[in-house]
Amino acid sequence: MTKPQVKCPTCQKKKVWSSDNPFRPFCSERCKLIDLGAWANEEYQIPEAKSASDYSSGENEEHVDRDGPIPQDPETMH
Ligand SMILES: [Zn+2]
């Protein structure tokens, strides 16, 4: 019987799956923390992106305007 192997999402190392491993599917606590850190980093990138779009907020509003009120045919309005 072969033991199931899992690939650690962080370091891509193949590890024998063990239900004793509290860090699965990661191979170690370190890899788990790295993955959690990656998620936190992504969260940190959101405010950065906001400030980037803030730089061209006028352009953004224009986009919303164009997407929002779609000119209707006067005939269908009746
Ligand atoms: Zn790992």
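This report describes the fold of one chain and then looks at a few of its residues in turn.

**The chain as a whole**

The model is a predicted one, and its chain contains three helices and two strands. Followed along the sequence, these elements come in the pattern β-β-α-α-α. The chain has 78 residues, of which 5% count as buried. Among the contacts in the chain with a separation of 6 or more, 9% are accounted for by residues 24 or more positions apart.

**Two backbone features**

Most residues other than glycine have a negative phi, and most peptide bonds are trans. Against that background, two places along this backbone deserve attention. The peptide bond that joins R24 and P25 is cis, with an omega of about 5 degrees, and P25 itself lies in the loop between β2 (14-16) and α1 (29-55). The other place is Q12, which is not a glycine and yet has a positive phi, near 65 degrees. Q12 belongs to the loop between β1 (5-7) and β2.

**Buried or exposed?**

Is Q12 buried or exposed? Q12 is exposed, because it has 9 other C-beta atoms within 10 Å, and a residue counts as exposed if that number is 12 or fewer. T10 also sits in the loop between β1 and β2, but T10 is buried, because 20 other C-beta atoms lie within 10 Å, and 20 or more is what the term buried requires. K14, which lies in strand β2, counts as exposed because it has 11 C-beta neighbours inside 10 Å. C31, whose place is in helix α1, counts as partly exposed, because it has 19 C-beta neighbours inside 10 Å.

**Contacts and distances**

Which residues does T10 touch, once its neighbours within four places in sequence are left aside? T10 is then in contact with F26, C31, I34 and D35. With the neighbours within four places again left aside, C31 is in contact with C8, T10, C11 and F26, so the contact between T10 and C31 links the loop between β1 and β2 with helix α1. On the same basis, K14 in strand β2 is in contact with Q5 and K7.

The table gives three pairs of residues, with their separation along the chain and the distance between their C-alpha atoms.

| Pair | Separation in sequence | C-alpha to C-alpha distance |
|---|---|---|
| T10 and F26 | 16 residues | 7.0 Å |
| C31 and Q12 | 19 residues | 9.9 Å |
| K14 and F26 | 12 residues | 9.6 Å |

F26 appears in the table with T10 and with K14, and F26 is also one of the residues in contact with C31.

Technical notes
Residues numbered from 1 in each chain as written. Predicted model: local features only at pLDDT ≥ 70, side-chain atom pairs only at ≥ 80, totals over all residues. Helix = DSSP H or I, 4+ residues; strand = E, 2+ residues; numbered from the N terminus. Contact = placed C-beta atoms within 7 Å.
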